[in-house]
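Please open the structure in a viewer and keep a selection tool at hand. The tour below proceeds from the whole chain to individual residues.

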Amino acid sequence: MATFKQFSEVFANLFPIWTILAAVVGVLRPESFAFMTSNGYTGCLALLMFSMGITLTIDDFKRVFAKPGLIGLGFIMCYVIMPALAFFIGNALGLSGPLLAGLILVGSINGGQASNLCAYIARGDVALSVLMTTATTVGCIFMTPLICKLALGAVVDVDAVGMAISTIQVVLVPVVVGLTLNKYVPKFCRSVEPFSPIVGVTMTIILVGGAVANCAAGILGAGMTLQIAAFALHLIGGLAGYWGARAFKYGETTCRTVAIETAMKSSAFGFLLASLHFPEYLVRVPSAVSVVWMAVLGSTMAVVWRFIPVKEG
């Protein structure tokens, strides 16, 4: 088991490399991920969240609920700071109207479930990460259409019932099952916990590769300016999340978690919304590019912070 734990550690530490490789394969050989159906995405996300759920306890969530301001901070970062950053970065770099609209759409969507895994690897607060992801996912039902209407003049319909069902399927149920097992069979959970990083990273690799494969044409056709814009959005967003939490005197663990939650968006969902509700094809491209940079930056932050000891205060 000691050897396996060492393997699990090394495998998780190479997370950014696996992410880049999955993205490259997805772009150059999209047929490699043809097996990823909508049910496949749901299953991978649910397994990812379950692998995090067995590492959590009810006390972890009680501790987070005692500080509701943290959830509010994450919500503001997701739906105020990120859309504003997208607007200013896009204009500063002179993106065309459709590409600017697409970048703002990326800034206006909910946080991605892979952020929970990154928070775990970064030694962040996984319970806080799960609750922030859930809050922004539910908030997406009304915030994303509102921002798009105000900023773009577009009416974007979001399937409220579908979003609610997806949130229950891929976030709430797997985490609750994991929590329940942790409460009633803790020894079993401790014995399988070394598998959690491997399962989580593997599911994320498949999800990134599948999302990129679906967006391959858009990524290959994107110019360097858009690549820079997407990279800057996720990087500056992460920095804003970290230092925003620092400004409110939160500890290092919380700051890391807020940074990862802010930087990582559900970019594949943004691609779906752009495909459904914007007739101009170019609006979809920023979401396609964002899938790659969001995953690479999120996994890199996670691994870098894993090697930096947490000093609270």
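**A guided tour of the predicted model**

Begin with helix H13, residues 224-247, and select Leu 239, which lies within that helix. The coordinates shown are those of a predicted model. Leu 239 has a relative accessibility of 46%, so this residue counts as partly exposed. Extend the selection to Phe 231, Leu 235, Ile 236 and Trp 243: together with Leu 239, these residues make a nonpolar surface patch of about 460 Å². An α-helix has 3.6 residues a turn, so residues three or four places apart point the same way.

Now display the entire protein as a cartoon. The protein contains 16 helices and 0 strands. Along the principal axes, its C-alpha atoms fill a box of roughly 55 × 45 × 40 Å. The radius of gyration is 18 Å, which agrees with the value near 20 Å for a compact globule of 313 residues. Of the 313 residues, 57% are buried. Among contacts between residues at least 6 apart in sequence, 85% join residues at least 24 apart. Switching to a surface view, one has about 13,300 Å² of accessible area, 73% of which belongs to carbon and sulfur atoms.

Next, select helix H6, residues 97-107. Is this helix enclosed or open? Because 9 of its 11 residues are buried, H6 is largely enclosed by the rest of the structure. Among the buried residues are Leu 99, Leu 103 and Val 106. To see what covers them, add helices H5 (68-92), H8 (126-152), H13, H15 (267-277) and H16 (285-306), which are included in that cover.

Proceed to the interior. The largest nonpolar core has 53 residues, and Phe 61, Ile 121 and Val 130 touch the most other members. A second, separate core comprises 18 residues, including Leu 85, Ile 89, Ile 104 and Ala 222. Ile 104 is also one of the buried residues of H6. Return to Val 130 and show its surroundings: beyond neighbours within four places in sequence, Val 130 is in contact with Met 49, Leu 56, Phe 61, Asn 116, Val 171 and Val 175.

Finish with two loop residues and their backbone angles. Most residues other than glycine have a negative phi. Arg 123, in the loop between helix H7 (114-121) and H8, has a positive phi near 60°. Arg 123 counts as partly exposed because its relative accessibility is 41%. Lys 249 is in the loop between H13 and helix H14 (252-263), and its phi is also positive, at about 70°. With a relative accessible area of 73%, Lys 249 is exposed.

Terms used: Residues numbered from 1 in each chain as written. Predicted model: local features only at pLDDT ≥ 70, side-chain atom pairs only at ≥ 80, totals over all residues. Heavy atoms only, no water. Core = buried A, V, L, I, M, F, W, Y, C linked by side-chain atoms within 4.5 Å. Buried < 20%, exposed > 50% of the residue type's maximum accessible area, 1.4 Å probe, protein only. Contact = heavy atoms within 4.5 Å. Patch = residues over 30% accessible without salt bridge, like charges linked within 9 Å, V, L, I, M, F, W, Y side chains within 5 Å. Areas by Shrake-Rupley, 256 points an atom, 1.4 Å probe, with all protein chains shown as cover. Salt bridge = Lys/Arg side-chain N within 4 Å of Asp/Glu carboxyl O. Helix = DSSP H or I, 4+ residues; strand = E, 2+ residues; numbered from the N terminus. Rg over C-alpha atoms; globule rule 2.2 N^0.38 Å.
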